[in-house]
Amino acid sequence: MQEKKENESGSMMMEIIAVLAILAIMTPIVYQQALKRSREVSNINMADEMRMVKNAVSAYLDANKETFLQACGSPNDLTNCTSHITDIDPSLSGIDPFLLRGTNYEFGTSNSEDVDYIIQVYGSYTPINKTEGIYQPNLFAVLSSTSQPADLKKGRAMQIASLIGAGGGICESDHSGSPDHISGSYGAWSLYASEVTGISTICFENNTIVARTDM
């Protein structure tokens, strides 16, 4: 009888050890899956918020397009029109109805602690009839979020930008390590500091996620 109890105790101990071994193997896997899922949710939320702000800025520009284009000189080349917009609407109160209450933003300035989004507005032209040289002036904005995770890796930044859609993109660096151009999602567009001013304010660090309003 005593021997039977000892055998049962030994068997139970082996079962406990086996369960602990399984838990030791599974815990890192479960943790990694939970971390991955948490990051996916965070990526989706960030992309959704940027897309919402992008659409609000787009609506603001569309509502005032002719006035802004006229002030910017109906550009026939890529031009930074941000200062012309702030001249017409100094307090930028015109954009408030389009944005969610509590959204903090700045047009054309460097990022500060109290700002969630930095916005640059550009004037360009869209070919209507290249043969006859007919072009339609166009306005679009590029905005970046100052609240993105610090030291965001390129792979994750590209994932978030792709969730924004064709208008999403990330800031990339030249050989010196300073961000000097934007690469759009799926290779749909690009914007270089050598082409137009204002890139440095929205590309305040490598892999900054941006959104373009006209795409």
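Biologist: Which residue forms a salt bridge with Asp 48?

Modeller: Some ground rules: this is a predicted model where local features need pLDDT (the predictor's confidence in each residue, from 0 to 100) of at least 70, side-chain atom pairs count only at pLDDT 80 or more, and totals for chains, interfaces and linings use all residues. Numbering starts from 1 along each chain as its sequence is written, and side-chain values use heavy atoms, with hydrogens and water left out. A salt bridge means a side-chain nitrogen of Lys or Arg within 4 Å of a carboxyl oxygen of Asp or Glu. The closest N and O atoms are 2.9 Å apart here, and the partner of Asp 48 is Arg 51.

Biologist: How are Asp 48 and Arg 51 placed relative to each other in helix α1?

Modeller: Helices are DSSP runs of H or I with at least four residues, strands are E runs with at least two, and both are numbered from the N terminus. Asp 48 and Arg 51 both sit in helix α1. Because they are 3 residues apart there, what separates them is about one helical turn.

Biologist: Is Arg 51 buried, partly exposed or exposed?

Modeller: Buried means under 20% relative accessible area, exposed over 50%, and partly exposed in between, with a 1.4 Å probe and protein chains only. Its partner Asp 48 comes out at 37%, which is partly exposed. Arg 51 has a relative accessible area of 26%, so it is partly exposed.

Biologist: Which residue does Lys 154 pair with in a salt bridge?

Modeller: The closest N and O atoms are 2.6 Å apart, between Lys 154 and Glu 172. Lys 154 belongs to helix α4 (residues 154–164) and Glu 172 to strand β5 (residues 168–173), so the pair ties together parts 18 residues apart in sequence. Lys 154 is partly exposed at 40% relative accessibility. At 18%, the partner counts as buried, and that partner is Glu 172.

Biologist: How many salt bridges does the structure hold?

Modeller: Besides the pairs above, the side chains of Arg 212 and Asp 214 meet in one, at 2.6 Å from N to O. Arg 212 is buried at 11% relative accessible area, while Asp 214 is partly exposed at 32%. The number of salt bridges in the structure is 3.

Biologist: What is the accessible area of the nonpolar surface patch around Met 14?

Modeller: Patches take residues with over 30% relative accessible area and no salt bridge, joining like charges within 9 Å and nonpolar side chains (Val, Leu, Ile, Met, Phe, Trp, Tyr) within 5 Å. Met 14 lies in helix α1 (residues 2–63), and it counts as exposed because its relative accessibility is 56%. Areas come from the Shrake-Rupley method with a 1.4 Å probe, where for residues only the protein chains shown count as cover. Met 12, Met 13, Met 14, Ile 16, Ile 17 and Leu 20 together offer about 620 Å².

Biologist: In which element is confidence lowest, and what is its mean?

Modeller: Across the protein chain the average pLDDT is 83, and 83% of the residues score at least 70. Confidence is highest in β8, at 96, and lowest in α1, with a mean of 74.

Biologist: Which residue shares a side-chain polar contact with Thr 82?

Modeller: Thr 82 is in helix α3 (residues 82–88) and is buried, given its 4% relative accessibility. A polar contact is a pair of N or O atoms within 3.5 Å; within protein, one must be able to donate a hydrogen and the other to accept it, and residues adjacent in sequence count only if both atoms are side-chain atoms. At 2.7 Å, the side-chain partner of Thr 82 is Asn 80.

Biologist: How far is the C-alpha atom of Met 215 from that of Lys 54?

Modeller: Met 215 is in the segment after β8 (209–212) and is partly exposed, at 35% relative accessibility. Counting contacts as heavy atoms within 4.5 Å and skipping residues up to four places away in sequence, Met 215 touches Lys 54, Ala 166, Gly 167, Ala 188 and Trp 189. Met 215 and Lys 54 are 161 residues apart along the chain, and their C-alpha atoms are separated by 9.9 Å.

Biologist: Which residue in the loop between α5 and β8 has a positive phi near 65 degrees?

Modeller: Ser 74, not a glycine, has a positive phi of about 40 degrees, in the loop between α2 (65–71) and β1 (79–80). In the loop between α5 (199–202) and β8, the residue with phi near 65 degrees is Asn 207.
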